[in-house]
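Trainee: I'm new to this one, so could you walk me through it? Let me have a look first.

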2 protein chains.
Amino acid sequence: MNYPFKQKSYEKNVVDYRNRGMDLEGLINQANEYYLSEDRAVIYKKPTPIGILHVDYSQNRIKDAYFKDKSTFDYNGVYRGKYIDFEAKESHSKTSFPLANVHEHQIEHLRRILKHGAISFLIVCIRDEYYLLKGEDLLEFIASNARKSIPYEYFLKKCERIEERLRPTLDYLRIVDKVYFKGE
Amino acid sequence: MNYPFKQKSYEKNVVDYRNRGMDLEGLINQANEYYLSEDRAVIYKKPTPIGILHVDYSQNRIKDAYFKDKSTFDYNGVYRGKYIDFEAKESHSKTSFPLANVHEHQIEHLRRILKHGAISFLIVCIRDEYYLLKGEDLLEFIASNARKSIPYEYFLKKCERIEERLRPTLDYLRIVDKVYFKGE
């Protein structure tokens, strides 16, 4: 008689296990793989930019390289015919999201792509909650505030929350639909 | 009296000097920098994907890494509100462009992004001439031909040639306008 309940509990454990310890980047990669497999969008994380100093050509291996600064966002691709380009950020503070997390070059990049018609935003993780912060709102916050961080309350008031679901866990395109396509 | 002629000749030399020895990738990077500075488009080359095996954290340097296979195209970004995604290829043969130059994963990528509304193409350099090969035409060629290479005559007949100009040398967006926006 208890079988359906047990079944459900088992499934929940599987889900918990899969996502346990998965950071924001892992959740977004998981979502992107899901979207690709379901043919909903083609969105990839860009490779980390590096400067190569020495290659051992006998084994085709990089033997000395350094990490370059990023001047764009991490994820881009195509969704519903539009260019989509975003960044994922985790806030270690419980009260606010420090703007120092976003480099000056990235703000410049954001301004440029918005002007050319991109859909662009940050996915911010704060207090283990996920929010979609529109690029336009980020620029407006920077322009109209002297503060160096966005308070937690701002996310509650101004941003759509990305609730965790079963599959994918971080179904951020559902919120993109809501925010940019008015739920069409 | 000959001054204007000399002036022109001098300019030509400058251009030749700047582009001498510049390979296709260099020409496209140059064009993309120009488009960025003129605020016409935001298009970047993706970093080379690598797998990192060892990092020396004391100096934050990569001390062992390998090159990963590419499963997407090299360049992407936003132009006139559209997602643009393309690859540059040089043919070492004077009679045809070997399809082995394009990996199976890249063809799969091309199919996917076209379905989602991307503008996607190859820029092929053959006989020191540059052609824009539409993604749709590439897929059609593959589907309807048993041959393993695209003959030079195909480019002459079916593709728009990207003539070299002064600034940028490879003004490929002019051809994108012609092909995808009907010269609007």
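## A helix and its two sides

Trainee: Which exposed residues sit on the face of α3(B) turned away from its buried side?

Mentor: First, how the labels work: helices (H or I, at least four residues) and strands (E, at least two) are DSSP runs, numbered from the N terminus. A residue is buried if 20 or more other C-beta atoms, placed from the backbone, lie within 10 Å of its own, exposed if 12 or fewer, and partly exposed in between. The exposed residues on that face of α3(B) are Glu104(B), Glu108(B) and Lys115(B).

Trainee: Before we go on, what kind of model is this?

Mentor: Residues are numbered from 1 along each chain as its sequence is written, while chains are lettered from A and ligands numbered from 1 in the order in which they are written. Local features need pLDDT of at least 70, side-chain atom pairs count only at pLDDT 80 or more, and totals for chains, interfaces and linings use all residues, since what you're looking at is a predicted model.

Trainee: And which residues of α3(B) are buried, and where on the helix do they lie?

Mentor: The buried ones are His109(B), Leu110(B) and Ile113(B). Looking down the axis, they fall within an arc of 105° (taken from the directions from the helix axis to the C-beta atoms), so they line one face of the helix.

Trainee: What do those buried residues pack against?

Mentor: Packing here goes by contacts: two residues touch if their C-beta atoms, placed from the backbone, lie within 7 Å. Both chains supply partners for α3(B). From chain A come β1 (42-45) and β4 (75-79), and from chain B come β5 (82-90), β7 (119-126) and α4 (135-144).

Trainee: How far apart are the end C-alpha atoms of α3(B)?

Mentor: The expected span of a helix is 1.5 Å times one less than its number of residues. For the 12 residues of α3(B), 104-115, that gives 16 Å, and the model agrees, because the end C-alpha atoms are apart by 17 Å.

## Strands, within and between chains

Trainee: Which strands stand at the edges of the open sheet in chain B?

Mentor: Strands pair if DSSP finds at least two bridges between them. The sheet has 6 strands in the order β1-β4-β5-β7-β8-β10, with mixed pairing. One side of each edge strand is left without a neighbour in the sheet, because each has a single partner strand; these are β1 (42-45) and β10 (160-161).

Trainee: Inside that sheet, do β5(B) and β7(B) run parallel or antiparallel?

Mentor: There are 7 bridges joining β5(B) to β7(B). Glu90(B) stands opposite Cys125(B) in β7(B). The direction of the pair is parallel.

Trainee: In chain A, which turn residue of the β2-β3 hairpin has a positive phi?

Mentor: β2(A), residues 50-56, and β3(A), residues 61-67, run antiparallel and share 6 bridges; Ile50(A), for one, stands opposite Phe67(A). The hairpin has 4 residues between its strands, and the one with a phi of about 55° is Asn60(A).

Trainee: How many bridges join β3(A) to β3(B)?

Mentor: Across the chains, Ile62(A) has Ala65(B) as its bridge partner, and Arg61(A) stands opposite Tyr66(B). The two strands run antiparallel, and the number of bridges is 4.

Trainee: Which element gives the largest share of the side of chain B that touches chain A?

Mentor: The contact takes 28 residues from chain B and 28 from chain A. On the chain B side, the elements giving two or more residues are β1, β3, β4 (75-79), β5 and α3. With 7 residues, the largest share comes from β3(B).

## Odd spots and confidence

Trainee: Which peptide bond in chain B is cis?

Mentor: Look in the loop between β10 and α6 (172-180) of chain B, where Pro168(B) lies. With omega about -5°, the cis bond joins Arg167(B) and Pro168(B).

Trainee: Is Arg127(A) buried or exposed?

Mentor: Arg127(A) lies in the loop between β7 (119-126) and β8 (129-134) of chain A. Its phi is near 55°, a positive value in a residue other than glycine. Because it has 12 C-beta neighbours inside 10 Å, Arg127(A) counts as exposed.

Trainee: Where in chain A is the pLDDT below 50?

Mentor: pLDDT is the predictor's confidence in each residue, from 0 to 100. Chain A has a mean of 89, with 88% of its residues at 70 or more. The stretch below 50, which has 1 contact beyond near neighbours in sequence, is residues 1-18.
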